[in-house]
Every structure is written in structure tokens, then in C-alpha cells.
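Biologist: I should like to go through this model with you and hear the reasoning behind each label. Please set out the grounds as we proceed.

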Amino acid sequence: MVERVASLRGLLLRRLWLPLLVLLLCSAVGSFALARYFAGQVYDRWLLDSAMSLSELVKEQDGRAVMDVTPAMSRMFTWDTVDEVHGEVVDAAGARLYGDLADALPRPAPAADEDAVYYDARLRGQAVRMVEVLVPATGGHQVRLRVAETLRKRHRLERKLLMTSVPFQAAILALAAWLAWSGTGAAARHANQVARRLASPRPDPLAPLDPQQEAPRELWPAVEAYNALLQRLDAMQAAQRRFVSNAAHQLRTPLAAMQVELESSLRQQDPQAQQLALSGTLAGLSRLQHLVNQLLLLSRSEDAQGGSLPLQVLDVATLARTVVERYADRALAAGVDLGYEGPDEGVPVQGDAPLLREALGNLLDNALRYGAERGVITLAVQRDDDGVQVWVDDDGAGIDEAERGRVTERFYRASSQGDGCGLGLAIVAEIAQRHGATLDIGSAPMGGARVGMRFRGL
């Protein structure tokens, strides 16, 4: 399903907001976690310093480690304005020298020498942070030190960090939102300026634009597509102008001739002379009717919108035979031997029956107009490995090789003989192109012209 885009700015904001919000949230969480980690490192270090201060009070007496801690010294160790601090000192034999942390759980494995172990535990129903370390004391004795502290200061610091980071991150988010809004607005305004420059009057409205001067790099494909559209419009207008000019010229010639014939018939007093003038007028009307019919057929065969022609499978052999039958009376009246060569049926191609019927009719019409008097014309259908060929042979003067590239131009006539209008082969070429077929112009075995179409096989 194609995404509906109502606004370039809205599209950019939708694509930026969610990633930007997620990025800022991740940044906030990461900053908070990092600050909490380093604050915890500071408090843990303070906890270890407290433990090491107890080790300074261990002395040797009678070959064993002892501690003489006065109540004042104990109050100094445990004093804190926010948290509760507890300590314990145990000698190598397991005798407690100071404090009582026996109910602090969980208790990790004994630490290696001089390696402090930090862990979370619960002491008398409260969550505490603990440190445990083995240190050498006076006299070579080794004691185990354990210090526990409640988490009030840590929680208070975390709340301060959180309350400080939230406004800060909100300010960053607001600033990012403003930058995104103003940046997308500037981009949209720049795109609108490019659109206004494209729509502004220019000396040559169909002249291509230079993308590097007219638009930023991101809009170069749009400008190039615009240039391609201008080129197609220019080509269509040029073709239309040529067509109108040629059609007007072709229509003016028979109309002028008929006017002369009618004026001559009005001046004539002799009935026979009047009859002759009126006969010339009738012939001019016939040519004019043929020209108008060809123009109408050409307009139907053109692809003005650039769309594809809806094709269906049809039997070109059957269609060719019906066209031959349609022209049989005219050929008989002209004394021309008109025939068909090929299978009676069973030659499928992808095509449009009315257009192909008109194309084959034009080939036969050209052969009757420019072929030899009382000559031979053959419409043939042949199927081979490369596809399907349909052609018309005549025994007339043929088409010079130098002229074969121009006879498909509109209103171009390679010969002054005949009463054609120069549109027959142009129409056939247009119909062949719309069917994806190729138009072949060559020489017939009997010496005249061979004009046909080659279709892809099914």
C-alpha cells in the first residue's frame, strides 16, 4: 500500500520524532545509570576506608590480636547524620574482636588477601551495602573486617540525580523538537522556493532546467524528471504543430482544386463541359474523404497519453483473409489480381483487431494505389521460429532503398504517381509500434515493394 504523504514537513517530523525520542530516552537512562554507578563507587570506597580505619585499632597482646575500642571511638565510627553504620572485626580463629554482624545475609565466600568484596545484604530488616576484606594486623596476625551501611544516602542521591536529569533531558528534548521543526520548515520552504522558480515565467517555458542551479541535491531527481516531462511535451507539441501544418496543407490543396472545378462548372454553358467539371469536383471530394479518413485513423492509432495498448490473443491469419475479402471488389474493378498466401487459421498474435485490420487495409490500399496497373498483389502470413510475419507484395515500381527510411513520415510521398495522401505507411508504422512489432520495407520477388510487420511469437 502506498503511503499517503500530505506534507513533506509532516513526513520528515514523523520520521524524526520517534527515533529522536528513543535516542533521548536512551541517553537519559544511560546518563542516570552512569552517574549512579560512579556515585556507588565513591560510597563503596568510603565504606572500605571505614573498614580500614578499624584495622588500625587491632593490636597484639600475649601472642594474639586484640582490640580496645572505647565507647567514644565506637560512636565516632558509627556516627552518620543519615545512615546507620555497623562494623565487625574477627580474628583468624573466628573470635569476634568488635561488633556483631552475624545476622547479615547473604554472606559471600571469604575474600582473598587484600581483595575487598562488596555485596548487598539485609541487616535487622534493613537493606544494607557491605564490604568484607582480609587485612594483616600488628604482629603478623590477619583479621577479617566487615562494615555495613544502610542505603539512605545512596537513595537520596539517586533521587537528586533523577530530579536533576529529568528537567535537563526535557530541555534537550524541547530544543531538539524546535530544531527539528525549524529545520524541516526551512527544508520545506526551500522546496517551495524551488517549485516557485520552476513555475515562474521563462522565455522558453519548455527549456530544460539545470538541477545544480535550480535545486538542492536531494531534488535533482525531481528536476530531471521535470526535464524529461518537458522534453516529451516539447516533442508532442512539435509533432502536433507539424501534423496540423501538414494536414492544413493537404486539406487546402483538394479544397482549392474543388473550388476551381465548381467555379468552372458555373461558368460553363455546355452541359458536357459542366459534367466534366463536376466529375473533377467529385474526384476531389473522394480524395478529401480519403484524407479525412486517414487523419481520423491516425488520431485513433496514436498513443497521445503514453499508455499501453490493451492487447488480446487473435488469429492474424483469419483477420488477414477478411481484409483481403473486403478489398476484393475494389481490386476486381481495377483489374488487379489480389490473393492471399498462408494458413487459413491458427496463427495467434497479441494485438488489437480493429487497428490491425486498418493497418493491413492501408498496406493493400497503398499497393492498389501505387502498384502496377492490372498487376498482382499478395497478402501473406507466415509463422517461423522468430515470430509471425504479415506482408503485402506488389509488382509496381517499388520503393527505392534511399526512400525507405522516409516513407513512414507523415505526408511524405516517395512517388508523385497515385492519389495517396502520404499517411498510409505512417499509420502502419504507428500501429506496429503500439503492438511491439517491427515494420519491414523491402523488395518483393516480383519486383515491386514488400511492406510488412513482424510480431513476436506466442
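Biologist: This is a predicted model. How many aromatic pairs does the count come to?

Modeller: The count comes to one aromatic pair.

Biologist: Why is the pair of tyrosine 37 and phenylalanine 38 called what it is, stacked, tilted or edge-to-face?

Modeller: A pair of aromatic rings is described by the distance of the centres and the angle of the planes. Ring centres must lie within 6.5 Å to pair, and planes over 60 degrees apart count as edge-to-face. The centres of tyrosine 37 and phenylalanine 38 are 5.3 Å apart and their planes stand at 70°, so the pair is edge-to-face.

Biologist: Are tyrosine 37 and phenylalanine 38 buried, exposed or in between, and how do you know?

Modeller: Buried requires under 20% relative accessible area and exposed over 50%, with partly exposed in between. Tyrosine 37 has 47%, so this residue is partly exposed. Phenylalanine 38 has 49% and therefore also counts as partly exposed.

Biologist: What makes lysine 153 a charge over the ring of tryptophan 46?

Modeller: The NZ atom must be within 6 Å of the ring centre and within 35 degrees of the ring normal. Lysine 153 lies over the face of tryptophan 46, at 5.5 Å from the ring centre, so the distance falls within the cut-off.

Biologist: Turning to the sheets, what makes strand 4 and strand 5 the edge strands in the order 4-3-7-6-5?

Modeller: That order belongs to an open sheet of five strands with antiparallel pairing. Strand 4 (96–99) and strand 5 (117–123) each pair on one side only. On average, neighbouring strands of this sheet are turned by 20° against each other, direction ignored.

Biologist: How do you know that strand 3 and strand 4 pair?

Modeller: At least two bridges are needed, and three join strand 3 (residues 85–91) to strand 4, so the two strands pair. Glutamate 88 has glycine 99 in strand 4 as its bridge partner. Helix 2 (residues 71–78) lies across strand 3, strand 4 and strand 7 (142–150), at about 120° to strand 3.

Biologist: Which strands form the open sheet with mixed pairing, and what is its order?

Modeller: Five strands form that sheet, in the order 9-11-12-14-13. Its edge strands are strand 9 (337–341) and strand 13 (438–443), each pairing on one side only.

Biologist: How do you know that strand 13 pairs with strand 14?

Modeller: Six bridges join strand 13 to strand 14 (residues 449–455), against a requirement of at least two, so they pair; they run antiparallel. Glycine 442 stands opposite arginine 450 in strand 14.

Terms used. Residues numbered from 1 in each chain as written. Predicted model: local features only at pLDDT ≥ 70, side-chain atom pairs only at ≥ 80, totals over all residues. Heavy atoms only, no water. Helix = DSSP H or I, 4+ residues; strand = E, 2+ residues; numbered from the N terminus. Phe/Tyr/Trp six-rings, centres within 6.5 Å; stacked < 30°, edge-to-face > 60°. Buried < 20%, exposed > 50% of the residue type's maximum accessible area, 1.4 Å probe, protein only. Axes fitted to C-alpha atoms, helices over the stretch in contact; angles between N-to-C directions. Contact = heavy atoms within 4.5 Å.
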